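Please find below my notes on the entry under review. The points follow the order in which I would raise them with a colleague.

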Amino acid sequence: MAIDLEALYIDLHRHPELSFHETRTAAIVAQHLRELGFEVLEEVGRTGVVGVLRRPASGASHGPVVWLRADMDALPVQEQTGLPYASTAVGINPEGITVPVMHACGHDMHVTALIGAAEQLARDDADWRGTIVLIFQPAEELGAGARAMLDDGLLERVPRPDIVLGQHVTPLPVGTIGVRAGTQMSACDGITVTMYGRGGHGSRPHSTIDPVVMAASTIMRLQTVVSREIDPRDVAVVTVGAVRAGLKHNIIPTEARLELSLRYPDEATREKVISAVHRIVRAEALASGAERDPDFETDHMLPATINDAAATARVSTALNRALGEGTVIDHGMHTGSEDVSWFARDAGVPLVFWFWGGVDAEQFRQAYEAGTFDSDIPTNHSPFFAPVIQPTIDIGVRALVAAAHEFLDTDRA
Ligand code: ZN
Ligand code: ZN
């Protein structure tokens with residue numbers, strides 16, 4: 001009996017799990033893969049699951065090896081979609097705090113589509129020869145899951161890929177696929193900066209070195225990195241996403257911490273931004289008379305997601321053929337980041353990562369024409385993010401199958 005993918009999606013959506021806590025999701029995935037005849041590896045990189053299917057099932061040569069990847073984790077977001085299947089789940093974040101959890105990035109859609117593709121590839125018996133490896137990755141939102149799976153020996157435990165393929169649901173009209181050769185998504189560094197002052201009584205600022213003022217001044221000056229130092233034709237982002245200092249009105253604290261998210265398309269821009277950030281932070285500490293140099297800690301580092309040009313051309317042709325001419329567009333580079341490319345980078349093989357639309361086409365058109373896209377169409381990570389279930393699942397499945405067939409030995413012309 002065919003897998004009810006809509007029911008699977010709704011179930012996953014109702015039961016989102018935070019990064020590295022995807023145990024329920026992993027168990028469901030493993031169960032489906034076993035029933036479809038895949039060889040299954042569990043707890044790869046803590047909560048990851050891998051499925052392997054070879055055609056023919058025995059023999060020395062297994063032909064081309066295609067990796068298809070989906071991420072499984074959800075986010076600490078309170079869902080506000082009002083959907084009948086909205087999440088009310090909670091989880092424990094890395095700081096030990098209970099937080100609401102929602103599939104606000106659509107990874108439930110990614111898992112559903114990959115299970116659907118697994119089913120189709122497993123059932124169209126003699127249609128292809130080669131090896132399919134399905135990667136159900138944990139903790140993409142921490143930028144840590146792909147690394148965890150690779151560090152757990154993934155490349156030695158399953159056939160090495162000839163190509164890595166993956167997809168992300170996005171606010172494009174359903175039926176449209178966005179992909180571009182070259183840089184598809186930015187590289188990203190998550191950096192924590194600690195600035196040190198000298199604490200004391202709030203009534204006696206002259207006897208202290210105030211890290212709050214130091215941090216405030218630094219935050220403002222950091223805004224000039226992109227606006228004054230990066231060529232306007234290039235792309236970069238400097239965001240201070242968290243500021244932590246002090247506990248009470250009348251105490252000047254001893255230190256301030258800033259959490260920075262930095263994005264860029266290439267290594268040259270990365271070096272420029274990082275050196276500017278270091279220079280400004282140090283200079284502001286000096287300007288405040290700090291007695292100790294600031295500390296910099298890199299919490300995560302994601303490489304740019306770079307699509308191989310030749311492989312991207314093949315995928316685009318295959319998807320247009322499978323889903324209709326004009327389905328595939330180049331909708332530009334994203335300043336978001338992904339850890340999918342670690343799989344291809346570590347294996348030294350090409351990657352193609354595309355975006356597929358999940359927004360009702362009519363709703364998209366109206367918002368676009370009214371110029372209200374940013375306010376009317378919820379994006380990934382929004383508490384209102386809600387891809388339409390169909391035909392989003394269906395297109396996600398067909399895209400994966402068509403792209404996989406392109407790289408397997410297949411009888412299809
Ligand atoms: Zn996300
Ligand atoms: Zn995502």
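Are Asp71 and Arg69 buried or exposed, and what does the answer add to the reading of their side-chain pairing? The points below begin with that pair.

1. The model is predicted, and the remarks here should be read accordingly. Asp71 and Arg69 are both buried. Their side chains form a salt bridge, with an N to O distance of 3.6 Å. The pairing of these two charged side chains is therefore placed at buried positions, since each residue has under 20% relative accessible area.

2. A second salt bridge joins Arg147 to Asp151, where the closest N and O atoms lie 3.3 Å apart. Over the whole structure, the search returns 22 salt bridges.

3. The zinc ion (ligand 2) has three protein donors: SG of Cys105, NE2 of His107 and NE2 of His168, at 2.1 to 2.4 Å. Along the sequence, these donor residues follow the spacing C-x1-H-x60-H. Water is not among the atoms, so the site may look incomplete.

4. The zinc ion (ligand 1) lies 3.1 Å from the zinc ion (ligand 2), and Cys105 coordinates both. Cys105 therefore deserves attention in any description of the two ions, as a residue shared between them.

5. Which side of the burial cut-off do Cys105 and His107 fall on? Cys105 has a relative accessibility of 7% and so counts as buried, the limit being under 20%. His107 is buried as well, because its relative accessible area is 0%.

6. The domain assignment divides the chain into domain 1, made of residues 5-183 + 304-410, and domain 2, made of residues 187-301. Domain 1 is thus listed in two segments, and domain 2 in one. The centres of the two domains, taken over C-alpha atoms, are 35 Å apart.

7. How many residues of each domain take part in the contact between them? Eight residues of domain 1 touch eight residues of domain 2. Together the domains bury about 630 Å², of which 60% is on carbon and sulfur atoms. On the domain 1 side, Ala304, Thr335 and Ser337 supply 54% of the area buried against domain 2, more than any other three residues.

8. The side of domain 1 that touches domain 2 comprises four nonpolar residues, four polar residues and no charged ones. Zero salt bridges are found across this interface, and one residue pair is in polar contact there.

Technical notes:
Residues are numbered from 1 along each chain as its sequence is written. Chains are lettered from A and ligands numbered from 1 in the order in which they are written. This is a predicted model: local features need pLDDT of at least 70, side-chain atom pairs count only at pLDDT 80 or more; totals for chains, interfaces and linings use all residues. Side-chain values use heavy atoms; hydrogens and water are left out. Donors are N, O and S atoms within 2.8 Å of the metal (3.2 Å for Na, K and Ca); water is not among the atoms, so sites may look incomplete. Buried means under 20% relative accessible area, exposed over 50%, partly exposed in between (1.4 Å probe, protein chains only). Domain bounds come from an automatic or database domain assignment. Contact means heavy atoms within 4.5 Å. Buried area is the accessible area (1.4 Å probe) that two parts lose on being put together, summed over both. A salt bridge is a side-chain nitrogen of Lys or Arg within 4 Å of a carboxyl oxygen of Asp or Glu. A polar contact is a pair of N or O atoms within 3.5 Å; within protein, one must be able to donate a hydrogen and the other to accept it, and residues adjacent in sequence count only if both atoms are side-chain atoms. Ala, Val, Leu, Ile, Met, Phe, Trp, Tyr, Cys and Pro count as nonpolar, Asp, Glu, Lys and Arg as charged, and the others, Gly among them, as polar.
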